[in-house]
Amino acid sequence: KKANNWLEIKQRKSVFNLVGIAAEEYPVFPSYQTKDFISISATVFADMIEKTIYSVSNDETRYYLNGVFFERINKDGKSTFRMVATDGFRLSIVDRSMPESKTAFPAAGVIIPRKGLFEIRKMLETIEGEFDLAVEGSQLVVKRGSTVLMVRLIEGKFPAYQQFIPQQIPNRIEIPREMLLASLKRVSLLSNQKYKGVTFSLSSGRMEITSNNPELGDAKEEIEIDYKGSDIKIGFNARYMLDVLNSFDDVAVDLHLNDQLSPGLMRPHGDQTYTCVVMPMRI
């Protein structure tokens, strides 16, 4: 270290001089007093982030949607953590049961910003087992051993997301995930580049996925399905559907559809703990 906070680095015939600033000017790391930490599986928490973060809104005017809503609920008599994210066009909600804990957690839940979740996810990649999490005021404290990460929470009220989840959808189709994923990728190549609109047409025993772009052409693929309901024709943004499918690890997907004006609902086959809702679009 040299005068005026310069740093000199030498090796043999090489000399580098770097401009620095005084250590006193470095921001003070925030402190925390709470001891109300909850132990959570790093693998489970990282998986919950993966299953919701893609639905976070980029609209800064609705700042309360710029993060993932995190809350603890009682579900079927079990302590359950829930993450929810929505941008108004799609919604992702995932529940994971946790060991019983008497540690306090804000009853109204908290909104963790997208950037903070990316940093938490990076930290969790290096952790095996559990880490500790606590909420103190407007900060989320994440720690494991000597490593502490503090994230400023988004202050605002998350919308009543339950009202966006369809409760009664008569038509359910089970589809192999890889088949639907591959078909959507191919057909969406000829969709509108901005809105990525594709049409799902259901009839007895089959589902057609089509796209049409006057500047490029059109595409159509047919998938055989076990379906005996009424004919349905509905449009979706293929990008939204692909985001959902890429977040699934399961072999099969349950696709619930009602009519062309109602949102579609997707879940891993037979799994009620992870739900994705996608709004339809006019094609």
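## Close-up views of the sheets and helices

**View 1. Strand 8 and strand 9 run antiparallel and share five bridges.** Two strands pair if DSSP finds at least two bridges between them. The model is predicted: local features need pLDDT of at least 70, side-chain atom pairs count only at pLDDT 80 or more, and totals for chains, interfaces and linings use all residues. Residues are numbered from 1 along each chain as its sequence is written, and side-chain values use heavy atoms, with hydrogens and water left out. Pick out Ala134 and you'll find Val141 of strand 9 opposite. Leu133 has its own bridge partner in strand 9, namely Val142. The two strands make a hairpin with two residues between them. One spot to look at in that turn is Gly137, with a positive phi of about 60°.

**View 2. Strand 9 and strand 10 make another hairpin, again with two residues between them.** Strand 9 covers residues 139-144 and pairs with strand 10 in the antiparallel sense over six bridges. Val142 turns up again here, bridged to Leu149 in strand 10. Val141 does a similar double duty: Met150 in strand 10 stands opposite Val141. The turn holds Gly145, whose phi is positive at about 65°.

**View 3. Pull back a little, and four strands line up as an open sheet in the order 3-8-9-10, with antiparallel pairing.** At the edges stand strand 3 (38-41) and strand 10 (147-152). Each has a single partner strand, so one side of each is left without a neighbour in the sheet. From one strand to the next, the twist averages 30°. Angles run from 0 to 180 degrees between N-to-C directions, and axes are lines fitted to C-alpha atoms, for helices over the stretch in contact. Strand 3 joins strand 8 through four bridges, in the antiparallel sense. Ile40 stands opposite Phe131 in strand 8.

**View 4. Two helices pack on the sheet: here are strand 9 and strand 10 once more, paired over six bridges, with helix 1 touching strand 3 and strand 8.** Helix 1 spans residues 42-50, and its direction makes about 75° with that of strand 3. Strand 8 (130-136) is also touched by helix 2, residues 114-124. Helix 2 reaches strand 9 and strand 10 too, and its direction makes about 165° with that of strand 10. Contact means heavy atoms within 4.5 Å.

**View 5. The other sheet in these legends is open and has eight strands, in the order 7-4-5-6-18-17-16-11, with antiparallel pairing.** Its edges are strand 7 (110-113) and strand 11 (171-176). Each of these has a single partner strand, so one side of each lacks a neighbour in the sheet. Ignoring direction, neighbouring strands are turned by 20° against each other on average. Inside the order, strand 6 (residues 90-97) pairs with strand 18 (residues 274-278) in the antiparallel sense, using five bridges. Zoom in on Val94 and its bridge partner in strand 18 is Tyr274.

**View 6. Helix 3 packs on the eight-strand sheet, touching strand 11 and strand 16 (252-257).** The direction of helix 3 makes about 90° with that of strand 11. Helix 4 packs on the sheet as well, touching strand 6, strand 16, strand 17 (264-268) and strand 18. Compared with strand 18, the direction of helix 4 makes about 170°.

**View 7. Helix 3 and helix 4 also pack against each other, at an angle of about 150°.** Helix 3 is residues 177-187 and helix 4 is residues 238-247, and their axes lie 10 Å apart. Which residues of helix 3 meet helix 4? They are Arg177, Leu180, Leu181, Leu184 and Lys185. On the helix 4 side, you'll see Ala238, Met241, Leu242, Leu245 and Asn246.

**View 8. Zoomed right out, the protein has four helices and 18 strands.** Helices here are DSSP runs of H or I with at least four residues, strands are runs of E with at least two, and both are numbered from the N terminus. The C-alpha trace spans about 80 × 55 × 35 Å along its principal axes.
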